[in-house]
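Q: Could you take me on a close look at one part of this protein, the strands that pair with one another, and then show me how the rest is arranged around that part? I work at the bench, so please explain each term as you go.

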Amino acid sequence: SRGLGDVYKRQLITSATASMLKKQKAIASERERKLAEAEREKIHANLLRAVSHDLRTPLTSIIGSSASYLDDAQNMSEQERMELISNINEDAQWLLNMVENLLTVTRIRNDSASVNKSLEPVEEVMSEAVFRLKKRIPDANIRVLLPEEFVMIPMDATLIEQVLVNLMENAVFHAGSTEPIECRAEIGRDTVTFFVTDQGVGIDEDKLETIFDGTGQTENSSADGHKGMGIGLSICKTIIVAHGGTISARNLERGAQFGFTLPRGEANED
């Protein structure tokens with residue numbers, strides 16, 4: 001009888017322990033869900049703030065330049081007219097880039113903050129990103145260092161190309177240098193890390209912590225405010241986090257370096 005009682009007690013303890021562990025697991029899962037939801041809300045709020053700046057400024061410039069042309073074109077020299085038209089074209093191109101970035105975000109599923117991935121060659125993604133950048137900025141001075149090893153990793157190639165384009169374009173406009181911008185990849189055992197490095201003015205130390213939150217600006221962006229870094233870098237973070245990777249920025253002895261790491265794993269295309 002005593003033996004049966006001990007067995008019954010052990011069963012009760014085991015059952016209670018299992019029930020407690022199940023509750024703790026459910027609580028932890030709910031906490032993780034709420035944290036992920038809060039992070040998504042934070043990203044969305046930062047994107048909206050970035051959009052309000054990065055779209056309003058070029059629109060204001062386009063309206064001002066076009067109004068000047070319409071009101072006073074007959075009194076302008078050919079050079080002045082061409083300069084106004086050039087400014088309108090540049091701002092329109094920038095707006096197109098912003099719209100592309102916003103459309104990029106819509107490719108990420110809001111319910112899971114994840115992306116559909118397939119195995120893609122690292123060197124092809126890098127080459128295509130540079131090609132896309134050159135179409136937009138023909139004079140961009142980019143030096144590409146392709147990995148010696150042929151590697152395919154799971155990713156949404158279009159989204160990762162957009163990250164590389166954003167980072168290289170950011171360096172072109174904000175580095176303040178005519179030296180080449182280097183784009184390279186390092187192959188690790190479990191990860192691949194992409195780097196975009198410039199030899200420019202660097203990033204203010206007090207902005208490094210918040211540079212990907214949609215509010216980052218450089219000091220030299222005041223003269224060309226429509227080229228703010230906010231929305232582009234915020235979208236980079238959104239894309240990389242959705243891929244299960246990490247992204248960071250740091251200053252070097254000369255210039256700045258942006259890097260993001262993606263895991264080498266199985267594709268989850270569905």
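A: Happy to help; here is a walk along the paired strands, followed by a helix and the whole chain.

Before we start, this is a predicted model, in which local features need pLDDT of at least 70 and side-chain atom pairs count only at pLDDT 80 or more, while totals for chains, interfaces and linings use all residues. Residues are numbered from 1 along each chain as its sequence is written, and side-chain values use heavy atoms, with hydrogens and water left out.

Let's begin with strand β4, residues 181-187. Helices (H or I, at least four residues) and strands (E, at least two) are DSSP runs, numbered from the N terminus. Five of the seven residues of β4 are buried, so this strand is largely enclosed by the rest of the structure. Here, buried means under 20% relative accessible area, exposed means over 50%, and partly exposed is in between, using a 1.4 Å probe and protein chains only.

Strand β4 has two partners to look at, and two strands pair if DSSP finds at least two bridges between them. One is strand β2, residues 142-145, which runs parallel to β4 and is joined to it by four bridges. In that pairing, I142 stands opposite I181 of β4. The other is β5, which runs antiparallel to β4 with six bridges between them. A hairpin of three residues connects β4 to β5, and R184 sits opposite F195 in β5.

F195 is a handy residue to follow into the next pairing, as F195 also stands opposite G259 in β7. Strand β5 covers residues 191-197 and pairs with β7 in the antiparallel sense over seven bridges. Strand β7 itself spans residues 256-263 and is mostly covered, with six of its eight residues buried.

From β7 we can step across to β6, residues 246-251, which pairs with β7 in the antiparallel sense over six bridges. T246 is found opposite T261 in β7. The two strands form a hairpin with four residues between them, and in the turn G255 has a positive phi of about 95 degrees.

Now for the helix. Helix α5 takes in residues 157-174, and its 18 residues reach 26 Å from first C-alpha to last, close to the 26 Å expected at 1.5 Å a residue. That expected span is 1.5 Å times one less than the number of residues. Because 15 of its 18 residues are buried, α5 is largely enclosed by the rest of the structure. D156 caps its N-terminal end, with a side-chain oxygen 3.2 Å from the backbone nitrogen of T158. Just after the helix, G176 takes a positive phi of about 70 degrees.

Within α5 lies E161, which is buried with a relative accessible area of 11%. E161 touches V125, E128, A129 and R132, leaving aside residues up to four places away in sequence; contact means heavy atoms within 4.5 Å.

Finally, the whole protein. It has six helices and seven strands, following the pattern α-α-α-β-α-β-β-α-β-β-α-β-β along the sequence. Of the 270 residues, 41% are buried. Among contacts with a separation of 6 or more, 74% are between residues 24 or more positions apart. The accessible surface of the protein comes to about 15400 Å², and 53% of that belongs to carbon and sulfur atoms; accessible areas come from the Shrake-Rupley method with a 1.4 Å probe, and for residues only the protein chains shown count as cover.

How values were computed: Polar contact = N/O pair within 3.5 Å; in protein donor to acceptor, adjacent residues only side chain to side chain.
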